[in-house]
Amino acid sequence: LSKYFHTYIFSCCRSFAYLTIRDRLPEILSKVVDTVHRHKNKFFQEHGQEGVEAEKRVISFLSKLRNELQTDKPVIPLTDGLPDSELWNQYLQQQKALLGRNERPSWFKSPWLYVECYMYRRIHEAVKQSALLVEFPWFQSKKQQLFFYVIICTTLKIIYLCNILCSIGFVIDAGKSPKIKELMPFITQISLWGNRCDLSISAGRDNSQKSSLLASLEGLKAFILVDDSKSVWSVLLESKKTKAEETSSTRVDIILDNAGFELVTDLVLADFLLASQLATEIHFHGKCMPWFVSDTTKEDFDWTLRVLQADNHFWMSNCGIKWEGLAKKGVWVYHEHSFWTLPHEFRDMAEVAPDLHAELQKSNLIFFKGDLNYRKLTGDRKWDLTTSFHQSLQGFHPAPLCSLRTLKADIQVGLQPGQGEQLTASDANWMTNGKYAIIQLSAST
Ligand code: F6P
Ligand code: MG
């Protein structure tokens, strides 16, 4: 067991994981403290002296948390009694058992994936300290600022996307139409590169797509290290054919990552799959608490649809209204599940969250957006770069699944022999600088 345990990526040896825990995570915690502090007057106006006391308690909790992290203290059990806390505490016990008798899991001596998730869960615990601050929008303003920044500063990219969508609505037969076949990789790549804009990698600093993504798509193709788009297309066509035979529905699931620009690109992908009749229903899956700074929650999802609808620009409001309608009709379904904010890798899903696993088994194709989902798919292990994607999933396969991810962590599988060495020779940080991406499919069970 302990041999297996050490295949996780640890935060040691000046690795990317180490630098994340040493520099990026404390910076994120400091920003949360600043945000709470800036709302002091608001707490006072709304709740009087009690609000000020609540604010002080939360700040002291978060400062203690930052100190625990920076001084490599042992990871401690959660005490907020929320429904998921027992699973977290059991997980900690398992980590202890794996480490051996005299060692205790601590911030720098535990798997990176675990402690990074643990920090966000402890921030949530801080909020729950006070019933008065439960609704406090930890990262909300950052996510919303980013959204507006993208709209204002990036030459109307979203408008253009919405425009394209409206004009392809008329194309009907996906099998015969060359237009759909040409557009599919284009729309997939937009959703792929949308993943560059997450806020956790930049510790909450602006990390938006500044150049025009649409204009750069052609040039970016060289940076897609694995491109299984054609097989993704085949999976969808096959499902469409089966659907015709059985007159049932074709369902695509999107496990969302970041709100803001990336979420809009995911909604565009969803709209395209429906318009082209490659799918008949789309199921979105989001986080049920603020996670890795910019990850999508239900509030972000609803907010995005509202803001688009209210926009002055015809194409944007058109999409907003249409999408709201799809959600109301149940063609777009939004799901929340606490599993997405647990520390477990996805191979544990069938055991830890059998209901979610059964839900995903109903899908014809699941898109997993982003880097964190990739880390959880592959268990954040030190896999050889040429290990097959299928093997790295360690049995997790509720349905055909495809990762759309820009690389922001030192893990990758499914490369050709020699490909990794070539990349390292030309760009030492290729695994973590967000310049490269993959469209990686596992279709077989
Ligand atoms: O440290 C940077 C980081 O937090 C990674 O740990 C994580 O995988 C990534 O950023 C989040 O990226 P994404 O939003 O693509 O999941
Ligand atoms: Mg994210």
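Colleague: How many residues of domain 1 are in contact with domain 2?

Modeller: In this predicted model, 22 residues of domain 1 are in contact with 19 residues of domain 2, where the chain is divided into domain 1 (2-133) and domain 2 (140-442).

Colleague: Which helix gives the largest share of the side of domain 1 that touches domain 2?

Modeller: That share comes from α5, with 8 residues, while α2 (16-38), α4 (85-99) and α5 (112-127) each supply at least two residues of that side. Sorted by class, the side of domain 1 that touches domain 2 holds 14 nonpolar, 3 polar and 5 charged residues.

Colleague: Let us take α2 by itself; how should I read the span and the course of a helix, and where in α2 does a kink lie?

Modeller: One may set the end-to-end reach beside an expected value: α2 has 23 residues and reaches 31 Å from its first C-alpha to its last, which is close to the 33 Å expected at 1.5 Å a residue. There is nevertheless a kink of about 30° at Arg24 in α2, shortly before the proline Pro26.

Colleague: Which residues of α2 are buried, and what do they pack against?

Modeller: The general idea is that an α-helix has 3.6 residues a turn, so residues three or four places apart point the same way. In α2 the buried residues are Ala17, Thr20, Ile21, Leu25, Ile28, Leu29, Val32 and Val36, and the buried residues of α2 pack against α3 (40-70) and α5.

Colleague: How should I read a nonpolar core, and which members of the largest one touch the most other members?

Modeller: In soluble globular proteins, nonpolar side chains tend to be buried together. Here the largest nonpolar core has 61 residues, of which Ile254, Ala270, Leu273, Ile282 and Cys402 touch the most other members. Helix α11 (residues 261-275) gives the most to this core, with 11 residues. Apart from this core lies another, of 34 residues, among them Leu25, Leu62, Trp88 and Trp107.

Colleague: What does Leu273 touch, if residues up to four places away in sequence are not counted?

Modeller: With those set aside, Leu273 touches Val252, Leu278, Ala279 and Ile282.

Colleague: As a contrast, why is Asp302 classed as partly exposed?

Modeller: The class follows from a neighbour count: Asp302 is partly exposed because 13 other C-beta atoms lie within 10 Å, whereas a residue counts as exposed at 12 or fewer and as buried at 20 or more. Asp302 has its place in helix α12 (residues 298-310), and the C-alpha atoms of Asp302 and His313, 11 residues apart along the chain, are separated by 19 Å.

Technical notes:
Residues numbered from 1 in each chain as written. Chains lettered and ligands numbered in written order. Predicted model: local features only at pLDDT ≥ 70, side-chain atom pairs only at ≥ 80, totals over all residues. Core = buried A, V, L, I, M, F, W, Y, C linked by C-beta atoms within 7 Å. Helix = DSSP H or I, 4+ residues; strand = E, 2+ residues; numbered from the N terminus. Contact = placed C-beta atoms within 7 Å. Domains from an automatic or database assignment. Nonpolar A, V, L, I, M, F, W, Y, C, P; charged D, E, K, R; others polar. Expected span 1.5 Å × (residues − 1). Bend = angle between axes of the 7 residues up to and from the residue.
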